[in-house]
Amino acid sequence: MKLSKRQFFSLGSIGVAAFMFGCGKDATAKARFAVTLTDAEWRKKLSPAAYRVLRQEDTETPFTSPLNKEKRKGTFVCAGCNQRLFSSNTKYDSGTGWPSFWQPLAGGIGTKTDYKIGLPRTEVHCARCGGHLGHVFNDGPKPTGKRYCMNGVAMKFIPG
């Protein structure tokens, strides 16, 4: 079967769209996590904003989280399951409007590639419940050069 240029480019466009919007999309959903609740249980447990971020991979509005200004010593934990995620020792002001860290606590997070904006990004999720936390970028400070840009509503702060 011979394809015209129009058919060729139409099929190619469909393939590119499927790749960009489909790849990596279900990686977290298919993974098994130690904490697993039904959708109804998550909705009951979380605030509406936390539910949208943690369970639907939404993004909170920048500069709205009280955790942005948190300066005390302590630990940032998952709002869904209390998994330890980040030490306050690795928090810094990235100027982005979201709480940012240069290193997670060991075993606290997992990552996957997402294509939601059409380009690959590294999504960060809780290693215990799979809740969406934010993204990690390669423009952070030393010693890691990483910027873990997290949604504040997806976390809680435990002083100490």
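In this predicted model, arginine 43 and aspartate 39 form a salt bridge whose closest N and O atoms lie 3.1 Å apart. The two residues are four places apart in helix H3 (residues 39–45), so about one helical turn separates them. This pair belongs to a structure that holds seven salt bridges, and the protein chain that carries them comes to four helices and nine strands.

**Salt bridges**

- Side chains of opposite charge can pair when their charged atoms come close.
- Within H3, both partners of the bridge described above are partly exposed, because arginine 43 has a relative accessibility of 48% and aspartate 39 has one of 42%, where the partly exposed class runs between 20% and 50%.
- An α-helix has 3.6 residues a turn, so residues three or four places apart point the same way.
- A further salt bridge joins aspartate 58 to arginine 52, with 3.8 Å between the closest N and O atoms; aspartate 58 is partly exposed at a relative accessible area of 35%, and arginine 52 is likewise partly exposed, at 37%.
- Lysine 112 forms a salt bridge with glutamate 57, and here the closest N and O atoms are 3.1 Å apart.
- Lysine 112 belongs to strand S5 (residues 109–114), whereas glutamate 57 sits in the loop between helix H4 (48–56) and strand S1 (74–78), so this pair ties together parts that are 55 residues apart in sequence.
- The two partners fall in separate accessibility classes, since lysine 112 counts as buried at 9% relative accessibility, while glutamate 57 counts as partly exposed at 21%.
- Glu57 and Lys112 are also linked with Lys116 in a network of salt bridges.

**Helix H4 and its surroundings**

- The buried residues of H4 are found at Ala50, Tyr51, Val53 and Leu54, and the buried residues of this helix pack against H3, S1 and strand S7 (132–137).
- Just after H4, glutamate 57 takes a positive phi of about 60°, and the side chain of this residue takes part in the salt bridge with lysine 112.

**Histidine 135 in strand S7**

- Where does histidine 135 lie? Histidine 135 is part of strand S7, and with a relative accessibility of 8% this residue counts as buried.
- The side chain of histidine 135 makes a polar contact of 2.7 Å with the side chain of aspartate 114.
- When neighbours within four places in sequence are left aside, the contacts of histidine 135 are Asp114, Arg121, Thr122, Glu123, Val124, Arg147, Tyr148, Cys149 and Met150.

**The two open sheets**

- Strands of a sheet pair through backbone hydrogen bonds, either parallel or antiparallel.
- An open sheet of three strands follows the order S2-S1-S9, with antiparallel pairing; its edge strands, each pairing on one side only, are strand S2 (84–87) and strand S9 (155–159), and the twist averages 30° from one strand to the next.
- Inside that sheet, S1 and S9 pair in the antiparallel sense over five bridges, and threonine 75 stands opposite isoleucine 158 in S9.
- Another open sheet contains six strands in the order S3-S4-S8-S7-S6-S5, and its pairing is antiparallel; the edges are strand S3 (91–92) and S5, each of which pairs on one side only.
- Within the six-stranded sheet, S7 and strand S8 (residues 147–150) are joined in the antiparallel sense over four bridges, and glycine 134 has methionine 150 in S8 as its bridge partner.
- Methionine 150 is also one of the residues in contact with histidine 135.

**The chain as a whole**

- In what order do the elements of the protein chain run from the N terminus on? The elements follow the order α-α-α-α-β-β-β-β-β-β-β-β-β.
- The protein chain has 160 residues, of which 38% count as buried, and its accessible surface comes to about 9,500 Å², with 57% of that belonging to carbon and sulfur atoms.
- Among the contacts in the protein chain between residues at least 6 apart in sequence, 56% join residues that are at least 24 apart.

Conventions: Residues numbered from 1 in each chain as written. Predicted model: local features only at pLDDT ≥ 70, side-chain atom pairs only at ≥ 80, totals over all residues. Heavy atoms only, no water. Salt bridge = Lys/Arg side-chain N within 4 Å of Asp/Glu carboxyl O. Buried < 20%, exposed > 50% of the residue type's maximum accessible area, 1.4 Å probe, protein only. Contact = heavy atoms within 4.5 Å. Areas by Shrake-Rupley, 256 points an atom, 1.4 Å probe, with all protein chains shown as cover. Polar contact = N/O pair within 3.5 Å; in protein donor to acceptor, adjacent residues only side chain to side chain. Pairing = 2+ DSSP bridges. Axes fitted to C-alpha atoms, helices over the stretch in contact; angles between N-to-C directions.
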